[in-house]
Amino acid sequence: MFLTVKGLTKSYETGVKTPVLKGLSLTLEQGRVGVILGPSGSGKSTLMNIIGGVDRADRGSVTVDGLEVTALDDNGLTEYRRSEIGFVFQFYNLVPNLTVGENIEVVSHISQNPLKLEEVLEAVGLAGMGGALSPGALRRGAAAGVHRQGHSEKPKTASLR
């Protein structure tokens with residue numbers, strides 16, 4: 001199994017303990033597409049953040065391609081995020097006063113093996129585009145940042161949120 005989540009629990013405390021994930025378990029085979037649906041506050045983002053190594057679970061485990069993400073220390077999580085996964089956020093997280101190309105270029109500063117900017121822009125259909133971009137083009141620009149990380153293989157997961 002490519003992704004295995006077992007007995008995942010997570011609560012937040014803001015004066016009152018609020019459980020968000022309550023013993024969640026799921027599996028996903030490599031090459032399959034999974035969709036996480038639920039109302040606001042149901043734990044979708046929390047789950048994605050734990051799978052992505054951005055947040056920690058209270059209990060349970062997450063294993064991605066044989067790597068138990070929930071067992072990693074801070075340095076291990078940093079390396080996991082840097083070399084194994086990519087995120088594309090719902091609101092793109094692009095710097096507004098930079099061009100799409102300049103936003104993608106930022107990735108080269110954290111990547112060990114960045115791909116050529118021109119190749120990445122071509123791969124996502126943004127070569128030669130300038131000016132204001134549509135929401136779809138902005139999302140492709142954010143995805144290009146993930147692609148530019150230059151993994152020897154494609155990133156293992158991409159969170160489209």
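The exchange below goes through a predicted model of one protein chain and the terms used to describe it.

Biologist: What makes up the chain overall?

Modeller: The protein chain has 5 helices and 6 strands. Along the sequence they follow the pattern β-β-α-β-β-α-β-α-α-α-β. Of its 161 residues, 34% count as buried. About 9,900 Å² of the protein chain is exposed, and carbon and sulfur atoms supply 52% of that area.

Biologist: How do you know which contacts join residues at least 24 apart in sequence, and what is their share?

Modeller: A contact means heavy atoms within 4.5 Å. Among contacts between residues at least 6 apart in sequence, 60% join residues at least 24 apart.

Biologist: Why is L37 called exposed?

Modeller: The relative accessible area of L37 is 76%. Exposed means over 50%, so L37 qualifies as exposed. L37 lies in the loop between β2 (17-28) and α1 (44-51).

Biologist: What makes V33, V35 and L37 a patch?

Modeller: Nonpolar side chains are joined within 5 Å, and each member needs over 30% relative accessible area and no salt bridge. V33, V35 and L37 form such a nonpolar patch on the surface, with about 390 Å² of accessible area together. For L37 the value is 76%, so the area cut-off of over 30% is met there.

Biologist: Why are β1 and β2 said to pair?

Modeller: Pairing requires at least two bridges. β1 and β2 are joined by 9 bridges in the antiparallel sense, so they count as paired. One of the partnerships is L3 with L28 in β2. The hairpin of these strands has 3 residues between them, and G15 there takes a positive phi near 90°.

Biologist: How do you know that β3 pairs with β1 and with β4?

Modeller: The same cut-off of at least two bridges applies. β1 and β3 have 5 bridges, antiparallel, so they count as paired. T9 stands opposite R59 in β3, and V5 stands opposite V62 in β3. β3 and β4 have 2 bridges, also antiparallel, so this pair meets the cut-off of at least two. T63 has E68 in β4 as its bridge partner. The β3 and β4 hairpin has 2 residues between the strands, and D65 in the turn has a positive phi of about 50°.

Biologist: Why are β2 and β4 described as standing at the edges?

Modeller: The 4 strands form an open sheet in the order β2-β1-β3-β4, with antiparallel pairing. β2 and β4 (67-68) each have a single partner strand, so one side of each is left without a neighbour in the sheet.

Biologist: What makes α1 a helix that packs on the sheet?

Modeller: α1 touches β1, β2 and β3, and its direction makes about 120° with that of β1.

Biologist: Which residues of α1 are buried, and what covers them?

Modeller: The buried residues of α1 are T46, L47, N49, I50 and I51. Buried means under 20% relative accessible area, so each of these five falls under that limit. Their cover includes β1 (3-13), β2, β3 (59-64) and α2 (74-83). An α-helix has 3.6 residues a turn, so residues three or four places apart point the same way.

Biologist: What follows α1?

Modeller: G53 follows α1, and its phi is positive, near 75°.

Methods. Residues numbered from 1 in each chain as written. Predicted model: local features only at pLDDT ≥ 70, side-chain atom pairs only at ≥ 80, totals over all residues. Heavy atoms only, no water. Patch = residues over 30% accessible without salt bridge, like charges linked within 9 Å, V, L, I, M, F, W, Y side chains within 5 Å. Areas by Shrake-Rupley, 256 points an atom, 1.4 Å probe, with all protein chains shown as cover. Salt bridge = Lys/Arg side-chain N within 4 Å of Asp/Glu carboxyl O. Buried < 20%, exposed > 50% of the residue type's maximum accessible area, 1.4 Å probe, protein only. Axes fitted to C-alpha atoms, helices over the stretch in contact; angles between N-to-C directions.
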